[in-house]
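This report covers charged side-chain contacts and aromatic ring contacts in one protein model.

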Amino acid sequence: MTQNSCCVPGCLVTSKDGVPLHCFPNPDTDAVRFQTWVSNVGLDVLQFDNDTIRKKKRVCHKHFKSIYHYTKNRLCRLATPELQMPAMQTPTSVKVVITDEQTTSTSTDLQSEKLIFARKYIILKQ
């Protein structure tokens, strides 16, 4: 029997672990949800065509919120993988530093000086 595994980067769940593995939505009939799944899973599946993703790639049950879980390990039709998704992780806190810099620009046409303020936004991951 072929062993399937979860295609989410860093997830080591396989069919032998007893955790349900879910197929991607059909890209022909549910294109928006299919693209959401692909986007959430990340770059690892982007190297494959839609047909290969649909037929051969799986996402384990652990990546879906409990509100999407139905009985018998089935998922709601609106389910999208959102838990423990490396592609979706953002820093827990962000510090924004704003600095104003003053520079002088001389226009050759007008022969006048313009005072230019440039605002820089620096985002620091903490």
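The salt bridges come first, followed by the aromatic pairs.

This is a predicted model, in which local features need pLDDT of at least 70 and side-chain atom pairs count only at pLDDT 80 or more, while totals for chains, interfaces and linings use all residues. Residues are numbered from 1 along each chain as its sequence is written, and side-chain values use heavy atoms, with hydrogens and water left out.

**Salt bridges**

Side chains of opposite charge can pair when their charged atoms come close. A salt bridge is counted where a side-chain nitrogen of Lys or Arg lies within 4 Å of a carboxyl oxygen of Asp or Glu. The structure holds 3 salt bridges, listed here with their N to O distances.

| Basic residue | Acidic residue | N to O distance |
|---|---|---|
| R33 | D30 | 2.8 Å |
| K55 | D51 | 3.3 Å |
| K65 | E82 | 3.1 Å |

Accessibility is classed by relative accessible area: buried is under 20%, exposed is over 50%, and partly exposed is in between (1.4 Å probe, protein chains only). In the bridge between R33 and D30, R33 is buried at 14%, and D30 is also buried, at 18%.

Helices (H or I, at least four residues) and strands (E, at least two) are DSSP runs, numbered from the N terminus. K55 and D51 both belong to helix 3 (residues 50-56), and because they are 4 residues apart, about one helical turn separates them. K55 is exposed, with a relative accessible area of 56%, whereas D51 is partly exposed at 44%.

The side chains of K65 and E82 meet at 3.1 Å, N to O. Both residues lie in the loop between strand 2 (58-60) and strand 3 (94-107), so this salt bridge ties together parts that are 17 residues apart in sequence. K65 is partly exposed, with a relative accessibility of 35%; E82 is partly exposed too, at 25%.

**Aromatic pairs**

Rings of Phe, Tyr and Trp (its six-membered ring) pair if their centres lie within 6.5 Å; planes under 30 degrees apart count as stacked, over 60 as edge-to-face and the rest as tilted. By this rule there are 3 aromatic pairs. One of them joins W37 and F64, a tilted pair with 5.2 Å centre to centre and 50° between the planes. This pair links distant parts of the chain, 27 residues apart: W37 sits in helix 1 (residues 31-41) and F64 in the loop between strand 2 and strand 3. Both W37 and F64 are buried. Together with F24 and F34, these two residues, W37 and F64, form one aromatic cluster.
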